[in-house]
Amino acid sequence: MRYRDDASLDPGGVQDRRGGGGGRAVALGGGGLGIVGVLVLVLLQVLGGGGADPGAQRAGSVLDGLGPGQVVDDSQLAASCRTGADANARRECAVVADIESIQDYWGGVLGSAYVPTSTVYFSGGTQTGCGAASSGTGPFYCPADELVYLDLSFFDDLTSRFGAQGGTFVDAYVVAHEYGHHVQHLLGTAGRVQAGVTGPDSGSVRLELQADCYAGAWANHATTVPDDSGAPLIEELTQDDVARALDAAGRIGDDFIQSELGGGPVDESAFSHGSSEQRQRWFTTGLRTGDPAQCDTFAVQDL
């Protein structure tokens, strides 16, 4: 995956808390399994959230969610992540570019119904509208403050702990999945899920598989989504990139995590994100069709 060298990046989609300390964060991810551990908390926020003005929530969340000693300082990111060449050279800048492309895509698909949001870079731990989070929580979307949270070290964990091949497009797939949850929040889809209910046909699994499919739909258009200049920000996406993303999807399936990382038997009644095969298949559905309408996991009987 490569970004257009002369593209102009907009780091405005990132709030950088990495230099401000961790606050009093706790591991919500159940032993650091991250992606599969935070869902119940997030669903409680989705189902219990009030009708506050979204813009006001986002404006206040940047400061209200900070832990003791934490600050937001975007100056270094703004100085180091200016062009597509920077994105090709540094992971933190590549994610800036991913966020810009993903949000441009959804803005084109949903028009005024899409409300852009930010990703919070943090290191170690941070406070969020959904409670305290640590690096072990993994990347997640918090509907209470409508922000994506990401400790960039998670991408290293994907390779070192989960055994994924990794790569720039793998990082982009993870980010696109989280923005898929933002889309679900905006469209009201998340409200269809009953908090705390798990299992292979549960609403939580359907929600996660739809977010995978949404990530694939963006990926289908990634090399054609125009930036502010009218040219695509992403200039190359290879079959190797796709293969690496599918490899990663297979390693964050509930069955793989239970058996390979947890060392126990596969318990489908505890599924909250879907099996490895399901995650790969729904990502592929989005990638193949490029049509978010084909991602309605709530309309199918057989996931």
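At a relative accessible area of 40%, Asp5 counts as partly exposed, a class that lies between buried, under 20% relative accessible area, and exposed, over 50%, with a 1.4 Å probe and protein chains only. The model is predicted, so local features need pLDDT of at least 70 and side-chain atom pairs count only at pLDDT 80 or more, while totals for chains, interfaces and linings use all residues. Residues are numbered from 1 along each chain as its sequence is written, and side-chain values use heavy atoms, with hydrogens and water left out.

## Salt bridges

The side chain of Asp5 meets that of Arg2 in a salt bridge, with 3.2 Å from N to O; the term stands for a side-chain nitrogen of Lys or Arg within 4 Å of a carboxyl oxygen of Asp or Glu. Arg2 is likewise partly exposed, as its relative accessible area is 32%, and a network of salt bridges links Arg2, Asp5 and Glu235. Side chains of opposite charge can pair when their charged atoms come close.

The structure holds 13 salt bridges, among them two that involve Arg4. One joins Arg4 to Asp6 at 2.8 Å, N to O; here Arg4 counts as buried at 15% relative accessibility, whereas Asp6 is exposed with 61%. The other joins Asp227 to Arg4 at 3.2 Å, N to O. That pair links distant parts of the chain, 223 residues apart, with Asp227 in the loop between α8 (203-221) and β8 (234-236) and Arg4 in the loop between β1 (2-3) and β2. The names come from DSSP runs, with helices (H or I) of at least four residues and strands (E) of at least two, numbered from the N terminus. Both Asp227 and Arg4 are buried.

## The sheet and its helices

Four strands form an open sheet in the order β2-β3-β7-β6, and their pairing is mixed. Its edge strands, each paired on one side only, are β2 (14-16) and β6 (140-142). Neighbouring strands of this sheet are turned by 30 degrees against each other on average, direction ignored; axes are lines fitted to C-alpha atoms, for helices over the stretch in contact, and angles run from 0 to 180 degrees between N-to-C directions. Strands of a sheet pair through backbone hydrogen bonds, either parallel or antiparallel, and two strands are taken to pair if DSSP finds at least two bridges between them. Strands β6 and β7 (residues 147-150) run antiparallel and are joined by three bridges, and Tyr141 has Val148 in β7 as its bridge partner.

Helix α5 packs on the sheet, touching β2, β3 (119-121) and β7, and its direction makes about 170 degrees with that of β3; contact means heavy atoms within 4.5 Å. Helix α7 (residues 168-187) also packs on the sheet, where it touches β3, β6 and β7, and its direction makes about 25 degrees with that of β6.

For α5 (residues 91-110), 20 residues at 1.5 Å a residue should span 28 Å, and the end C-alpha atoms are indeed 28 Å apart; the expected span is 1.5 Å times one less than the number of residues. Helix α5 is mostly covered, since 14 of its 20 residues are buried. Just after α5, Gly111 takes a positive phi of about 65 degrees.

## Disulfides

A disulfide is a pair of cysteine sulfur atoms within 2.5 Å, and by this rule the count comes to three.

| Disulfide | S to S distance |
|---|---|
| Cys81 and Cys93 | 2.0 Å |
| Cys130 and Cys142 | 2.2 Å |
| Cys213 and Cys295 | 2.1 Å |

The torsion about the S-S bond of Cys81 and Cys93 is about -75 degrees, so this disulfide is left-handed. Because Cys81 lies in the loop between α3 (75-80) and α4 (84-89) and Cys93 in helix α5, the pair ties together parts that are 12 residues apart in sequence. Cys81 is buried at 1% relative accessibility, and Cys93 is buried at 0%.

The link of Cys130 and Cys142 is right-handed, with 100 degrees about the S-S bond. Here Cys130 lies in the loop between β4 (125-128) and β5 (131-134), and Cys142 in strand β6, 12 residues apart; both cysteines are buried.

The link of Cys213 and Cys295 is left-handed, with -70 degrees about the S-S bond. Cys213 sits in helix α8 and Cys295 in the segment after α11 (276-289), 82 residues apart. Cys213 is buried at 0% relative accessibility, and Cys295 is buried at 0%. When the bonded cysteines of the chain are numbered in sequence order, the pairing reads 1-2, 3-4, 5-6.
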